[in-house]
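Biologist: I'm new to this one, so could you show it to me and walk me through it?

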Amino acid sequence: MRDIQPLDIWSNGETKTAVCMKLYISYDDLTATAALVYSLCDVDGRNIYDGQVIFDGQTYIDWGNSGDSNNEAYTIAASMLNLTLV
C-alpha cells in the first residue's frame, strides 16, 4: 500500500477522499503484458474505488528491469491513473 495525494471521488452518492492505493497483480504473461488491480482507499483503509491497469511494451520491459518491481508497479499505476504518490 502506498499513500497518494488526497483525491476526492464521487462514490455511492457522496464525495469520499482517497488517500492510499493498494495494488495486486492479476495477470503477467512473463513476456510482454501485465495487469494490476488497484484499490483507492480512505484514511481507514476502506476501498472506495477499484479498477485495473494493463501495461505492455517498453513499460513492461522497464518494470522487469527496474530492480524493485513493487515500487515500479506503484509508479506505473500512479502514472496511468494520473495520481501522485507521496
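**Rings and strands**

Modeller: Let's start with a ring: Y60 is buried, with a relative accessible area of 10%; buried means under 20%, exposed over 50% and partly exposed in between, using a 1.4 Å probe and protein chains only. Keep in mind that this is a predicted model, where local features need pLDDT of at least 70, side-chain atom pairs count only at pLDDT 80 or more, and totals for chains, interfaces and linings use all residues. Residues are numbered from 1 along each chain as its sequence is written, and side-chain values use heavy atoms, with hydrogens and water left out.

Biologist: What kind of pair do the rings of Y60 and W63 make?

Modeller: Rings of Phe, Tyr and Trp (its six-membered ring) pair if their centres lie within 6.5 Å; planes under 30 degrees apart count as stacked, over 60 as edge-to-face and the rest as tilted. Here the centres are 5.7 Å apart and the planes stand at 65°, so Y60 and W63 are edge-to-face.

Biologist: Is W63 buried or exposed?

Modeller: W63 sits 3 residues from Y60 in helix 1 (residues 57–64), about one helical turn away; helices are DSSP runs of H or I with at least four residues, strands are runs of E with at least two, and both are numbered from the N terminus. The relative accessibility of W63 is 10%, so W63 counts as buried.

Biologist: Which residues do ring pairs link into a cluster?

Modeller: You've met two of them, Y60 and W63, in their edge-to-face pair. Ring pairs link these two into a cluster with F55, giving F55, Y60 and W63.

Biologist: How many aromatic pairs are there, and what is the angle between the planes of Y38 and Y49?

Modeller: The count comes to 4 aromatic pairs. Y38 and Y49 form a tilted one, 6.4 Å centre to centre, with 35° between the planes. That pair links distant parts of the chain, 11 residues apart: Y38 in strand 3 (residues 33–41) and Y49 in strand 4 (residues 47–56). Y38 is buried at 7% relative accessible area, Y49 is partly exposed at 43%, and the angle you asked for is 35°.

Biologist: Which residue in the turn between strand 2 and strand 3 has a positive phi?

Modeller: Two strands pair if DSSP finds at least two bridges between them. Strand 2 and strand 3 run antiparallel, joined by 8 bridges, and M21 stands opposite L40 in strand 3. They form a hairpin with 4 residues between them, and the turn residue with a positive phi, about 60°, is L30.
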